[in-house]
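Hi everyone, and thanks for coming along. Today I'd like to walk you through one protein, a few residues at a time, and then step back to the whole chain. Please have the picture ready.

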Amino acid sequence: MKERVLSTAEERRGAVVSSAIASFARGGFHTVTIAEVAKHAGISPAYVSKLFSSKTQLFVAALEECYRRIVDALERGAEASEDDSPDAVLEAMAAAYAALIADRDLLAIQVHAQSATADPVIARTVRQGIAELTEYVSARSRADGPAVQRFMAYGQLCHLLTAIDAFDSDAAWAETLTEGMHHMPARRPS
């Protein structure tokens, strides 16, 4: 008889957070329920509520994980840079970020978070995430303030263009906005 292996609470928490990213990415903070996240994770809603005392706390955990994944991707990009000049490091980080947000879930949860900032806890989490990303990019690349500002703005433009499928358009306006941008084919949610 095969021995049943139980997952640890931390593994279950990680599964719930990953399911929250996927669920909130599809429906946003205001429409997704804890029950929907629990169903996606294959865990009871009561257990999810035991791990996270509110939907806001669950959303914040998903958003913090999203920002953690972004920092990890930026670090991998920086490590892959052909040289250590600020421009080269920023370029490598941009390519790594473009590959990361080809996963529409990570893109969408950031967009949904920005639209849910009327909730002060979510607003604080978004500010903190953007602050950490900006500080990381600045320190790791050693770029000056204007270069870091352009990098962050470029990332926001990349969000918009990816969200509206501009990379798949032959229209002149889309070609103007996507010219020279890093882009990975979108991995659509199943």
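Let's begin with Ala 62, which sits in helix H4, the helix that covers residues 55-80. Before I go on, please keep in mind that this is a predicted model.

So, is Ala 62 buried or exposed? Ala 62 is buried, because its relative accessibility is 0% and the cut-off for buried is under 20%. Which residues does Ala 62 touch, once we set aside those up to four places away in sequence? They are Val 17, Ala 20, Ile 21 and Ile 109. Thr 31 gives us another way to place Ala 62: the two are 31 residues apart along the chain, and their C-alpha atoms are separated by 15 Å.

Now please find His 159, in helix H8. His 159 is also a buried residue, with a relative accessible area of 4%. Leaving out residues up to four places away in sequence, His 159 touches Tyr 97, Ile 101, Leu 107 and Gln 110.

My third stop is Pro 86, which belongs to helix H5. Here the relative accessibility is 27%, so Pro 86 counts as partly exposed; that class runs from the 20% limit for buried to the 50% limit for exposed. Pro 86 touches Ser 141, Arg 142 and Ala 143, again not counting residues up to four places away in sequence. What about Pro 86 and Glu 65, which are 21 residues apart along the chain: how many Å separate their C-alpha atoms? The answer is 27 Å.

One of those partners of Pro 86 deserves its own moment, and that is Arg 142. Arg 142 lies in the loop that links helix H7, residues 120-141, to H8. Its phi is near 65°, a positive value in a residue that isn't glycine. Asp 165 has a positive phi as well, about 55°, and Asp 165 is not a glycine either. Where is Asp 165? You'll find Asp 165 in the loop between H8 and helix H9, residues 172-178. With 26% relative accessibility, Asp 165 counts as partly exposed.

Next, the largest pocket. Its volume is about 200 Å³. The lining of the largest pocket is made up of 10 residues, and the closest to its centre are Leu 90, Glu 91, Ala 94, Phe 151 and Tyr 154. Which helices each supply at least two residues of that lining? They are helix H5, residues 86-100, and helix H8, residues 145-163. We've met both helices already: Pro 86 is in H5, and His 159 is in H8.

Let's zoom out to the whole chain. The protein chain has 9 helices and 0 strands. Its C-alpha atoms fill a box of roughly 55 × 45 × 35 Å along the principal axes. Of its 190 residues, 43% count as buried. If we take contacts with a separation of 6 or more, 67% of them are between residues 24 or more positions apart.

Finally, the surface and the charges. The accessible surface of the protein chain is about 10,500 Å², and carbon and sulfur atoms account for 55% of it. The chain carries 19 positive and 25 negative charges, and the mean positions of the two groups are 11 Å apart.

That's my tour. Thanks for listening!

How values were computed: Residues numbered from 1 in each chain as written. Predicted model: local features only at pLDDT ≥ 70, side-chain atom pairs only at ≥ 80, totals over all residues. Heavy atoms only, no water. Helix = DSSP H or I, 4+ residues; strand = E, 2+ residues; numbered from the N terminus. Buried < 20%, exposed > 50% of the residue type's maximum accessible area, 1.4 Å probe, protein only. Contact = heavy atoms within 4.5 Å. Areas by Shrake-Rupley, 256 points an atom, 1.4 Å probe, with all protein chains shown as cover. Lys, Arg positive; Asp, Glu negative; His and termini not counted. Charge placed at Lys NZ, Arg CZ, Asp CG, Glu CD. 1 Å grid on protein atoms, 1.4 Å probe; cavity = no way out; pocket = protein on both sides within 12 Å on 5 of 7 lines; lining within 4 Å. Points joined across faces, edges and corners; volume = space filled by probe spheres on them.
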